[in-house]
Amino acid sequence: MIFIIISTILFGFLDSLWRPLILEKGLGSVLVHRTILTALFISVAFLFSQDSFVYNPKMILITIGSGAISCIGLVSLTKAFAREKTATVVFLNVFTLLIGQITSYILFSQEISFTKYMLQISFAMLSIILINEGGIKLSRGILFALVASFSFGIAYPLMGVPISELGSLQATMIQELTVLASILLYFLVISKVKINMRFFYDSKILLLSICTTVSLILYFFAYNYLPVYKINLVANLYPVTALLSAAVLFNERLTHKQYAGIFIALLTTITLFL
């Protein structure tokens, strides 16, 4: 349990770093340099762990699939941070948990109460309307946040399948290398983002990369000890840490409607524990 608690705290802190970094250096530059560093750190961790590389084509393909879905989630998440306040984005993460429940049910036959699930969906929809300032037409930032939530809600539980065969560190490395390859293809080849060597030494990008590395390793390591749905439940409390970090470190402020939407989203997350 301690691994997932530490991972949750780090996830919340690193999500508070995204928006100020993106606004300062640009979305593509931050994503490229952060992902290169994260993939490097995780690969080095695997090499120093002295774990044997398990060659299981089926499990490796599943991990690559999870990585591809995670890349969609990551790009969508950063686009959401570029357009919306940190708290607005992270508290829509309740949908990650709701989708993750369905994914866990399909993959691992972990039971859920569909009556309670539909009630939670209703509360989640209400929170979206409030966070969107009462409007029905969703802003592009919120749409990106929802795409990210759906993507992570599928990709992270899916990792429970290959981890049992490949080990958590190898699976994490393959997933992150898949994300890296996708990011490089899109931003370097298509969007023509330039690599700036000074960014690799930037303290904020280094901090973002280190927090991502540690949180991912601990998160997927916890899969060895706890059911996937329980890990998702604990991990989805990270928006509280993100909200506090964004408010204290970056002085982010929201409207009363948005705070009401965040409160309902938090209540929805809590009901998932009941």
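This section describes the fold, an aromatic cluster and selected buried residues of one protein chain.

The model is predicted. Its secondary structure comprises 13 helices and zero strands. Read from the N terminus, the elements run α-α-α-α-α-α-α-α-α-α-α-α-α. The chain has 274 residues, and 53% of them count as buried. Contacts were considered between residues at least 6 apart in sequence; of these, 86% join residues at least 24 apart. The accessible surface comes to about 12400 Å². Carbon and sulfur atoms account for 71% of that surface.

Helix α9 was checked against its expected span. The helix covers residues 168–190, which is 23 residues. At 1.5 Å a residue, a span of 33 Å is expected. The C-alpha atoms at its ends lie 32 Å apart, so the model agrees with the expected value. Just after α9, K192 adopts a positive phi of about 60°.

T172 belongs to helix α9. Its relative accessibility is 1%, so T172 counts as buried. Leaving aside residues up to four places away in sequence, T172 touches I42, M159, L216 and F220. P162 is ten residues from T172 in sequence, and the two C-alpha atoms are 9.8 Å apart in space.

Aromatic pairing was examined next. The whole structure contains eight aromatic pairs. One of them joins F152 and Y156. The centres of these two rings are 5.4 Å apart, and the planes make an angle of 50°. The F152–Y156 pair is therefore tilted, since angles under 30 degrees count as stacked and those over 60 as edge-to-face. Both residues sit in helix α7, which spans residues 140–158. They are four residues apart, about one turn of the helix. An α-helix has 3.6 residues a turn, so residues three or four places apart point the same way. F152 and Y156 are both buried.

Y156 also pairs with F220. Here the ring centres lie 5.4 Å apart and the planes stand at 75°, so the pair is edge-to-face. Y156 is in helix α7, whereas F220 is in helix α10, residues 203–221. The pair therefore ties together parts that are 64 residues apart in sequence. Both Y156 and F220 are buried. F220 is also among the residues touched by T172 of helix α9.

These rings belong to a wider group. F152, Y156, Y219, F220 and Y223 form one aromatic cluster.

Helix α10 also holds S215. The relative accessible area of S215 is 0%, so this residue is buried. Apart from residues up to four places away in sequence, S215 touches S7, L10, F11 and L14.

Cysteines were considered last. The structure holds zero disulfides. C71 has a relative accessibility of 8% and therefore counts as buried. C211 is likewise buried, with a relative accessible area of 6%. Both values can be set against the cut-off for burial, which is under 20% relative accessible area.

How values were computed:
Residues are numbered from 1 along each chain as its sequence is written. This is a predicted model: local features need pLDDT of at least 70, side-chain atom pairs count only at pLDDT 80 or more; totals for chains, interfaces and linings use all residues. Side-chain values use heavy atoms; hydrogens and water are left out. Helices (H or I, at least four residues) and strands (E, at least two) are DSSP runs, numbered from the N terminus. Buried means under 20% relative accessible area, exposed over 50%, partly exposed in between (1.4 Å probe, protein chains only). Contact means heavy atoms within 4.5 Å. Accessible areas come from the Shrake-Rupley method with a 1.4 Å probe; for residues, only the protein chains shown count as cover. The expected span of a helix is 1.5 Å times one less than its number of residues. Rings of Phe, Tyr and Trp (its six-membered ring) pair if their centres lie within 6.5 Å; planes under 30 degrees apart count as stacked, over 60 as edge-to-face and the rest as tilted. A disulfide is a pair of cysteine sulfur atoms within 2.5 Å.
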